[in-house]
Amino acid sequence: MFVVPESEIAGLVSAAQCFEAVEAVFSAMARNEACNFPVIREAIGHADALYGFKSGFDRAGKVLGLKSGGYWPGNAERGLTNHQSTVVLFDPDTGRPAALVGGNLLTALRTAAASAVSIRHLARSGSRVLGLLGAGHQSAFQMRAAVAERPFEKVIGWNYHPEMLPRLAETAAGLGLPFEAVSLEDLGAQADVIVTISSSFSAQLMDAHVRPGTHLACMGTDTKGKQEIDAAIFARARVFTDEVAQSVEIGEAQHAVAVGLIGAGDIVQIGEVINGTAPGRQSEDDITLFDGTGVGLQDLAVAARAVAAARAKGVAVEVDL
């Protein structure tokens with residue numbers, strides 16, 4: 001099998017390649033050519049950590065495997081990323097292990113790619129103001145990916161801990177865009193696209209904040225109990241997701257479903273929009289909402305790209321098990 005260390009990932013796959021891989025996986029899922037298996041995600045009762053497994057098989061791409069990892073909130077004090085992940089790929093013909101791949105940067109890239117896919121297919125073409133709710137490690141990846149999809153002229157942001165907002169300002173400056181720290185009310189009033197990427201367990205962006213025509217990419221909720229936005233927003237939005245089963249169980253939609261505002265049948269797989277089998281935005285006034293829960297197939301797709309590039313460049317370490 002091949003080992004691709006975390007230290008090599010940055011030189012192996014670009015954000016654009018991750019976009020292509022994630023978009024292709026969403027398309028395959030909608031064609032029933034790729035399947036995610038049930039997610040295991042648990043609090044381990046140590047270090048306040050959440051740990052789990054995501055796995056699946058992409059028949060179209062011939063990629064089989066799993067991602068193992070989770071969230072360790074104390075890692076920043078150790079000089080480590082709070083999110084820790086490793087991807088294991090298997091040969092779908094024999095079941096033998098094929099690759100072990102560092103998954104931290106890949107997770108950040110594939111999460112940003114998913115929201116970018118939603119922006120390309122659902123946001124208004126005339127979107128000019130990008131809003132970020134959240135200023136953690138992932139926010140910089142989200143901003144860079146979003147800016148590649150629309151000609152944004154300004155970035156605005158809000159974070160529960162305002163002392164973290166300089167990360168957004170620095171990222172925007174690197175993209176040549178002005179940045180403004182705003183209230184939640186102003187975030188909704190100004191932004192054409194809002195990406196939420198917090199780890200909140202209570203709604204922050206409320207229904208009254210969101211105006212017609214907005215595209216929301218809700219990327220932070222991937223566990224039971226997490227919540228970034230008011231469930232009432234779902235009642236007036238057209239709702240899309242990576243996978244419906246995860247959306248209603250562990251995604252942002254879990255709260256709207258629980259109180260009967262929407263049902264699973266009201267949620268459309270983004271892959272159907274990509275494939276042209278379901279409509280996306282239908283008017284300039286539509287509120288479109290993408291519930292990005294983070295499916296295992298995304299991780300496998302970008303990891304497979306990393307392995308192929310590592311082998312081509314001679315940086316993959318081959319070991320015999």
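Helices (H or I, at least four residues) and strands (E, at least two) are taken as DSSP runs and numbered from the N terminus. The structure described here is a predicted model, for which local features need pLDDT of at least 70 and side-chain atom pairs count only at pLDDT 80 or more, whereas totals for chains, interfaces and linings use all residues. Residues are numbered from 1 along each chain as its sequence is written, and side-chain values use heavy atoms, with hydrogens and water left out.

Thr171 is placed in helix α5, and with a relative accessible area of 10% it is buried, the term buried standing for under 20% relative accessible area, exposed for over 50% and partly exposed for values in between (1.4 Å probe, protein chains only). Leaving aside residues up to four places away in sequence, Thr171 touches Ala140, Met143 and Arg144, where a contact requires heavy atoms within 4.5 Å. Ala140 belongs to helix α4, which spans residues 137–147, and it counts as buried because its relative accessibility is 8%. Although Ala140 and Thr171 are 31 residues apart along the chain, their C-alpha atoms are separated by 6.0 Å.

Helix α4 as a whole is mostly covered, with eight of its 11 residues buried; these are Gln138, Ser139, Ala140, Phe141, Gln142, Met143, Ala145 and Ala146. The elements against which the buried residues of α4 pack are α3 (104–122), β8 (129–133), β9 (154–158), α5 (166–174) and β11 (193–196).

Eight strands are arranged in an open sheet with parallel pairing, in the order β10-β9-β8-β11-β13-β17-β15-β16. The edges are occupied by β10 (179–181) and β16 (267–269), each of which has a single partner strand, so that one side of each is left without a neighbour in the sheet. From one strand to the next, the twist averages 20 degrees, with axes obtained as lines fitted to C-alpha atoms, for helices over the stretch in contact, and angles running from 0 to 180 degrees between N-to-C directions. Two strands are considered paired if DSSP finds at least two bridges between them; β9 and β10, which run parallel, are joined by three bridges, and Gly157 has Ala181 in β10 as its bridge partner.

Helix α3 packs on this sheet, where it touches β11, β13 (215–218), β15 (237–241) and β17 (287–291), and its direction makes about 160 degrees with that of β13. Helix α4 lies across β8, β9 and β11 and runs at about 160 degrees to β8.

A search of the whole structure for salt bridges, in which a side-chain nitrogen of Lys or Arg must lie within 4 Å of a carboxyl oxygen of Asp or Glu, finds 13 of them. One joins the side chains of Glu20 and Arg305, with an N to O distance of 3.3 Å. Because Glu20 lies in helix α2 (residues 15–30) and Arg305 in helix α11 (residues 296–313), this pair ties together parts that are 285 residues apart in sequence. Glu20, at 44% relative accessibility, counts as partly exposed, and Arg305 is likewise partly exposed at 33%.

A salt bridge is also formed between the side chains of Arg41 and Asp222 (3.6 Å, N to O). Arg41 lies in strand β3 (residues 40–43) and Asp222 in the loop between β13 and β14 (227–229), so the pair ties together parts that are 181 residues apart in sequence. Asp222 counts as buried, at 16% relative accessibility, and Arg41, Asp222 and Lys226 are linked in a network of salt bridges.

The side chains of Asp299 and Arg110 meet in a further salt bridge, at 2.8 Å from N to O. This pair links distant parts of the chain, with Asp299 in helix α11 and Arg110 in helix α3, 189 residues apart. Asp299 counts as buried, at 1% relative accessibility, and Arg110 is buried with a relative accessible area of 4%.

On the surface, Ile40, Ile44, Tyr51 and Phe53 make a nonpolar patch of about 340 Å². Patches are built from residues with over 30% relative accessible area and no salt bridge, like charges being joined within 9 Å and nonpolar side chains (Val, Leu, Ile, Met, Phe, Trp, Tyr) within 5 Å; accessible areas come from the Shrake-Rupley method with a 1.4 Å probe, and for residues only the protein chains shown count as cover. Within this patch, Ile44 is found in the loop between β3 and β4 (50–58) and counts as partly exposed, at 41% relative accessibility.
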